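I sat down with a new model today and kept a short notebook as I went. Here is what I looked up, in the order I did it.

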Amino acid sequence: YQRRVRDIHLSQTTIHAHKSVLSQTSAFFQSAFSSRWSSSLDNADVSLDLSDDVALAAVQFAYTQRIDWTLHADNALDLLAAACRLGMDDMATTVEEAIATDLERDAAVWVIDVARELNRPVLVERCEELINEE
């Protein structure tokens, strides 16, 4: 059990998660737990520089492939940035599509900068469509 589960330390809580689940869904964790690092991380825990709610949402997504939008509707861009940073492509796509679907013209003006910075072409395209509407 101890070798398969890692503690992820956040600012106010600790999450216990399986290495295999994290590695399958995140390039960041896959790299961290790869054979090259594994001997030094066999008994090490992981700290993430993310807000507790965003990190928890990422770990939950790793297990469920879902985002609870009732909890995270207000921090969708933070979720997108975290997914990109952690190399969680499925989560990034899920969040990007949700943002693009619900995006309003007023918000598109500032969301486009984040979308470009994170290299999210679907969201950039949707922002451009809204910005250029007559």
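The entries below go from the whole chain to its salt bridges.

**Entry 1: the model and its fold.** I noted at the start that this is a predicted model. I then went through the secondary structure and found nine helices and three strands in the protein chain. Read from the N terminus, the order is β-β-α-α-α-β-α-α-α-α-α-α.

**Entry 2: burial, surface and contacts.** The protein chain has 134 residues, and 43% of them count as buried. I looked up the exposed area as well: it comes to about 8,100 Å², with 47% supplied by carbon and sulfur atoms. For contacts with a separation of 6 or more, I found that 54% are between residues 24 or more positions apart.

**Entry 3: salt bridges.** How many salt bridges does the count come to? I got three. I reminded myself that side chains of opposite charge can pair when their charged atoms come close. I took the pairs one by one.

**Entry 4: Glu-96 and Arg-120.** These two side chains meet in a salt bridge at 3.0 Å, N to O. The pair links distant parts of the chain, 24 residues apart: Glu-96 sits in helix H7 (residues 89-102), while Arg-120 is in the loop between helix H8 (105-117) and helix H9 (121-131). Are the partners buried or exposed? Glu-96 counts as buried because its relative accessibility is 3%, under the 20% cut-off. Arg-120 is at 13%, so Arg-120 counts as buried too.

**Entry 5: Arg-116 and Glu-128.** Here I found a salt bridge between the side chains at 3.4 Å, N to O. Arg-116 belongs to helix H8 and Glu-128 to helix H9, so this pair ties together parts that are 12 residues apart in sequence. I checked the accessible areas next. Arg-116 is partly exposed, with a relative accessible area of 47%, and Glu-128 is partly exposed at 33%.

**Entry 6: Arg-126 and Glu-129.** Which helix holds this pair? Both residues lie in helix H9, three residues apart, which is about one turn of the helix. Their side chains meet in a salt bridge at 3.3 Å, N to O. Arg-126 has 23% relative accessibility, so Arg-126 counts as partly exposed, with buried reserved for values under 20%. Glu-129 is partly exposed as well, and I wrote down a relative accessible area of 41%.

**Entry 7: looking back.** For my own summary, I set the buried Glu-96 and the buried Arg-120 beside the partly exposed Arg-116, Glu-128, Arg-126 and Glu-129.

Terms used. Residues are numbered from 1 along each chain as its sequence is written. This is a predicted model: local features need pLDDT of at least 70, side-chain atom pairs count only at pLDDT 80 or more; totals for chains, interfaces and linings use all residues. Side-chain values use heavy atoms; hydrogens and water are left out. Helices (H or I, at least four residues) and strands (E, at least two) are DSSP runs, numbered from the N terminus. Buried means under 20% relative accessible area, exposed over 50%, partly exposed in between (1.4 Å probe, protein chains only). Contact means heavy atoms within 4.5 Å. Accessible areas come from the Shrake-Rupley method with a 1.4 Å probe; for residues, only the protein chains shown count as cover. A salt bridge is a side-chain nitrogen of Lys or Arg within 4 Å of a carboxyl oxygen of Asp or Glu.
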